[in-house]
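This report covers selected residues and the ligand site of one model. The sequence and structure come first, and the notes on them follow.

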Amino acid sequence: MAAPATPGSEQIWLWIGTIGMALGLLYFLGRGWGVKDKKLRQFYAINIFVTTIAFSMYFAMATGFGLTEVELLDGTVLDIYWARYTDWLFTTPLLLLDLALLANADRETIYTLIGLDVFMIATGLIGAFAQEAIWRIVWWGISTGALLVLLYVLVGTLSEAAPSQSDAARSLTSTLKNLLIVLWLAYPVVWILGTEGTLGFIPLYAETAAFMVLDLTAKVGFGAYLLKNHDVLTSLGTGA
Ligand code: RET
């Protein structure tokens with residue numbers, strides 16, 4: 001495997017990400033403290049997990065632990081923040097679980113979504129470590145294909161659930177679904193245009209900033225919006 005590396009000027013964004021995730025975690029802990037409702041506690045637990053994982057992985061990247069160098073066959077050396085994939089591998093299934101629980105999705109659908117999601121992150125990770133530009137792009141295509149199928153299944157599941165949801169739950173589900181689609185589709189774009197894609201459109205500094213903004217919005221923004229709606233979450237399943 002490649003040699004250890006030290007972060008460059010992009011480190012500032014990783015520290016901002018670390019602080020942002022820590023603040024998000026404290027916010028969820030503070031608001032969730034003493035909550036008695038079982039359903040609501042479940043949503044707090046999920047989002048507390050998400051921000052804890054992201055905080056630790058951002059901290060790992062900011063301190064250089066989450067970074068490695070990958071040397072391509074043509075001699076190009078890429079700085080790869082592998083810790084992102086560890087973060088995403090665990091946090092993206094949890095974020096999907098937020099939406100699935102909101103829509104009362106069945107077990108099979110939840111497993112399908114999580115399976116596709118894990119496949120998407122794992123194939124993206126292979127792409128990040130592949131040693132030839134062409135294979136990196138092929139793995140990106142496979143991973144993006146999984147994302148598209150995942151979003152298709154998600155949209156289908158959520159619209160199937162819609163008739164049995166209360167008006168408030170349906171509207172919250174639809175806002176979060178749209179937010180998720182827009183944000184998640186941005187990841188493969190940043191990846192392929194950034195250093196991982198080797199096309200060189202976005203330098204590592206800007207790419208790190210872009211992933212940080214996306215991660216904070218997709219985790220803290222998404223979770224905070226969901227959890228602001230206590231009334232909707234506590235009345236889930238009661239048909240109210
Ligand atoms: C990768 C590799 C290239 C292809 C695709 C990817 C998708 C990543 C996604 C990540 C979502 C992360 C979230 C984090 C929350 O904070 C792995 C970049 C499709 C969709 C929501």
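Val220 is buried in this predicted model, because its relative accessible area is 18% and the limit for buried is under 20%. Val220 lies in helix H7. Between the C-alpha atoms of Val220 and Gly156 there are 25 Å in space, and along the chain these two residues are 64 residues apart.

Helix H7 also holds Ala224 and Glu207. Ala224 has a relative accessible area of 17% and is therefore buried. Glu207 is buried as well, with a relative accessible area of 2%. From C-alpha to C-alpha, Glu207 is 9.7 Å from Trp13, although 194 residues separate the two in sequence. For Ala224 and Ile53 the spatial separation is 16 Å, C-alpha to C-alpha, and the sequence separation is 171 residues.

The loop between H3 and H4 contains Ala103 and Asn104. Ala103 has a relative accessibility of 3%, so this residue counts as buried. Asn104, in contrast, is partly exposed, with a relative accessible area of 49%. The C-alpha atoms of Ala103 and Phe65 are 38 Å apart, and the two residues are 38 residues apart along the chain.

The residue pairs described above are set out here with their separations.

| Pair | Apart in sequence | C-alpha to C-alpha distance |
|---|---|---|
| Glu207 and Trp13 | 194 residues | 9.7 Å |
| Ala224 and Ile53 | 171 residues | 16 Å |
| Val220 and Gly156 | 64 residues | 25 Å |
| Ala103 and Phe65 | 38 residues | 38 Å |

Backbone angles are the next topic. Most residues other than glycine have a negative phi. Asn104 is not a glycine, yet its phi is positive, at about 55°. Thr198 is likewise not a glycine and has a positive phi, of about 60°. Thr198 is placed in the loop between H6 and H7. With a relative accessible area of 31%, Thr198 is partly exposed; the class of partly exposed residues runs between the buried limit of 20% and the exposed limit of 50%.

The remaining notes concern the ligand. How many residues surround the ligand, and which are the closest? The count is 16, and the closest are Trp140, Ser143, Trp184, Tyr187 and Lys219. The ligand taken alone exposes 530 Å², and the protein buries 100% of that area. The ligand occupies the space of the largest cavity.

Which helices each supply at least two residues of the shell around the ligand? They are helix H3 (83–102), helix H4 (107–129), helix H5 (133–161), helix H6 (167–193) and helix H7 (204–227). By residue type, the shell consists of 10 nonpolar, four polar and two charged residues.

Two side chains have an N or O atom at a stated distance from ligand oxygen. For Lys219, a side-chain N or O atom is 2.4 Å from an oxygen atom of the ligand. For Asp215, the corresponding distance between a side-chain N or O atom and an oxygen atom of the ligand is 3.4 Å. Both pairs count as polar contacts, because the cut-off is 3.5 Å between N or O atoms.

Definitions and conventions. Residues numbered from 1 in each chain as written. Predicted model: local features only at pLDDT ≥ 70, side-chain atom pairs only at ≥ 80, totals over all residues. Heavy atoms only, no water. Near = heavy atom within 4 Å. Polar contact = N/O pair within 3.5 Å; in protein donor to acceptor, adjacent residues only side chain to side chain. Areas by Shrake-Rupley, 256 points an atom, 1.4 Å probe, with all protein chains shown as cover. 1 Å grid on protein atoms, 1.4 Å probe; cavity = no way out; pocket = protein on both sides within 12 Å on 5 of 7 lines; lining within 4 Å. Sits in = over half its atoms within 2 Å of the grid points. Helix = DSSP H or I, 4+ residues; strand = E, 2+ residues; numbered from the N terminus. Nonpolar A, V, L, I, M, F, W, Y, C, P; charged D, E, K, R; others polar. Buried < 20%, exposed > 50% of the residue type's maximum accessible area, 1.4 Å probe, protein only.
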